[in-house]
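Q: Could you pick one part of this model and take me through it closely? After that, I'd like to hear how the rest of the chain looks around it, all in one go.

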Amino acid sequence: MGTAPEPKQPTEPQEPIPLVLAGARGHGRRHLDNIRRLTAEGKVRLAGVCELAPLTREELGDGLGEPEQSADLAALVTRTGARIAVICTPIHTHADLALAAAERGAHLLLEKPPTPSYAEFTRLSEGLRGYGTACQIGFQSLGSHALPAIRKLVADGRIGAVRGIGAAGAWARDEDYYTRAPWAGHRALDGRDVVDGVLTNPLAHAIATGLHLADADRAEDVAGIELELYRANAIEADDTSCVRIRTTRGTTVAAAVTLCAEEPGEPYVVVHGDRGRITFWYKLDRVRIERDGAPPETTGHARTDLLDNLVAHLRDGTELLVPPARTGAFMHVVEAVRIAPAPVPLPADAWRTEPGAGVTARAAERRVVTGIDRLVTAGAERLALYSELRAPWAAPPTEVPHP
């Protein structure tokens, strides 16, 4: 007769991990609310806020105590002893701030895109390795439990052989979206790369998710990139664009996106098989499989929060969902956009203005590209570029060779 197993000893409760948030306004408010949730769960403690001007009591809200505030992230990390730094600052500041925090012992949740150039991405990655820093890149869609579910459907042959992956994003942004910050809508600012275009920032998740589902998200997975960059708005960067990525596995990943939609809708990624298709609305964690000879099936899925995952990684070694290495292929797309010719301005008869919702208190208009919703849908369906879809304003694509 074997001996009875030893009873499990109760584990000591773990102290909340101190963290600092760099960039708490704008999109940073979402991080602030998420930190508030994790604070209530006893997982983290907001030790500091890095902003050019301190948050007011109203901006900070309840449940976060009295964190130290400073415009100097490095000094803030040092004084607070923060083990995590959440960085939600302008794109061109990411690498410097991330490395400054890492040098002082903080692990990172870094907003996407991680950097505005591949050279900066390499500098960041090498620096983080040198400091032994864990880093999570903020592609929230990659925390969706729908992704392994889709991979299993594909592996089980539910849609046959995969012939390509398309992504579509038809969003609307008012003109004041591009005046909300000095860097918004810029390719460069004061001699520094910014690359704040539709492909690289607001609808970057569409590309990153498509590459992930193609199992082609690392730098070495990219064989070539074709780009078409356009703009209806009076900005430097692109607001209506498409990209087609050839992977070393032979899979094609194509994305057609715009911020000038006629009827804005939920962005999605679609896996095309020779006997069906799987559509993933990545902001909703919703999946629909359509197979030849069978009724469609729709399922909803949970999602792992990326900061929660980083906390688990630091506490018990849980694997990070989005380490920098898993964004290398996306960063080749960023670099392709950076070095491409300036986006082509759409002719005045290709777009119109409509009243916008406004992201500020004042009224604003938005620019709408005629027929763009149809083109975005067709691009994802046919894995095609706008020029191949005979858009009247489309120019030949820019091809970026094997990186």
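A: **Helix α10 and its surroundings**

Let's start with α10, where the buried residues are I372, D373, L375, V376, A378, G379 and A380. Keep in mind that this is a predicted model, so everything here is read off computed coordinates. The helix itself spans residues 372–382. What lies over its buried residues? The cover includes five strands: β7 (162–170), β11 (240–247), β12 (252–258), β13 (268–273) and β19 (365–369).

Now look at what follows the helix. α10 is followed by L383, with a positive phi near 55°. As a bit of background, most residues other than glycine have a negative phi, and most peptide bonds are trans. L383 isn't a glycine, yet its phi is positive, about 55°. L383 sits in the loop between α10 and β20 (398–400). Is L383 buried or exposed? With a relative accessible area of 10%, L383 falls under the 20% cut-off and so counts as buried.

From there, hop over to α7 (residues 204–213). Ten of the ten residues of α7 are buried, so the rest of the structure largely encloses this helix. If you want to click through them, they are A204, H205, A206, I207, A208, T209, G210, L211, H212 and L213. The backbone does something worth a look on either side of α7. Just after the helix, D215 has a positive phi of about 55°. On the other side, V195 lies in the loop between β9 (192–193) and α7. V195 is not a glycine, and its phi is positive too, near 55°. A relative accessible area of 5% puts V195 under the 20% cut-off, so V195 is buried.

Next, who does α7 pack against? One partner to look at is α6 (residues 146–155): the axes of α6 and α7 come within 10 Å and cross at roughly 40°. That angle is neither under 35 degrees nor in the 65 to 115 range, so the two helices are oblique to each other. The crossing of α6 and α7 is right-handed. On the α6 side, L147, I150 and R151 make the contact, and they meet T209, H212 and L213 of α7. By residue type, the contact of α6 with α7 splits into three nonpolar, two polar and one charged.

For a second helix pair, try α4 (residues 94–103) and α5, whose axes are 10 Å apart and pack at an angle of about 5°. With the limit at 35 degrees, that makes α4 roughly parallel to α5. From α4, the contact takes in A95, D96, A98, L99, A102 and E103, while α5 brings E120, R123, L124, G127, L128 and Y131. Sorting the residues of this α4 with α5 contact gives seven nonpolar, one polar and four charged.

While you're in that area, check the loop between β5 (107–110) and α5 (118–131), where P113 is found. The peptide bond from K112 to P113 is cis, and its omega is near -15°.

Then there's L19, which lies in strand β1 (residues 17–22). L19 has 0% relative accessibility, so it counts as buried. Which residues does L19 touch, leaving out those up to four places away in sequence? They are I35, V44, R45, L46, A47, G48, A82, I84 and L307. For a sense of scale, G132 is 113 residues away from L19 along the chain, and their C-alpha atoms are separated by 17 Å.

Now zoom out. The chain has ten helices and 20 strands. Its radius of gyration is 22 Å, close to the 22 Å that the globule rule gives for 403 residues, so the chain is as compact as a globular protein of that length. Along the principal axes, the C-alpha atoms fill a box of roughly 65 × 65 × 40 Å. Of the 403 residues, 55% count as buried. Take the contacts with a separation of 6 or more: residues 24 or more positions apart account for 70% of them.

How values were computed: Residues are numbered from 1 along each chain as its sequence is written. This is a predicted model: local features need pLDDT of at least 70, side-chain atom pairs count only at pLDDT 80 or more; totals for chains, interfaces and linings use all residues. Side-chain values use heavy atoms; hydrogens and water are left out. Axes are lines fitted to C-alpha atoms, for helices over the stretch in contact, and angles run from 0 to 180 degrees between N-to-C directions. Helices (H or I, at least four residues) and strands (E, at least two) are DSSP runs, numbered from the N terminus. Angles under 35 degrees count as roughly parallel, over 145 as roughly antiparallel, 65 to 115 as roughly perpendicular and the rest as oblique. A crossing is left-handed if the near helix is turned anticlockwise from the far one by less than a right angle, and right-handed if clockwise. Contact means heavy atoms within 4.5 Å. Ala, Val, Leu, Ile, Met, Phe, Trp, Tyr, Cys and Pro count as nonpolar, Asp, Glu, Lys and Arg as charged, and the others, Gly among them, as polar. The radius of gyration is taken over C-alpha atoms; the globule rule is 2.2 Å times the number of residues to the power 0.38. Buried means under 20% relative accessible area, exposed over 50%, partly exposed in between (1.4 Å probe, protein chains only).
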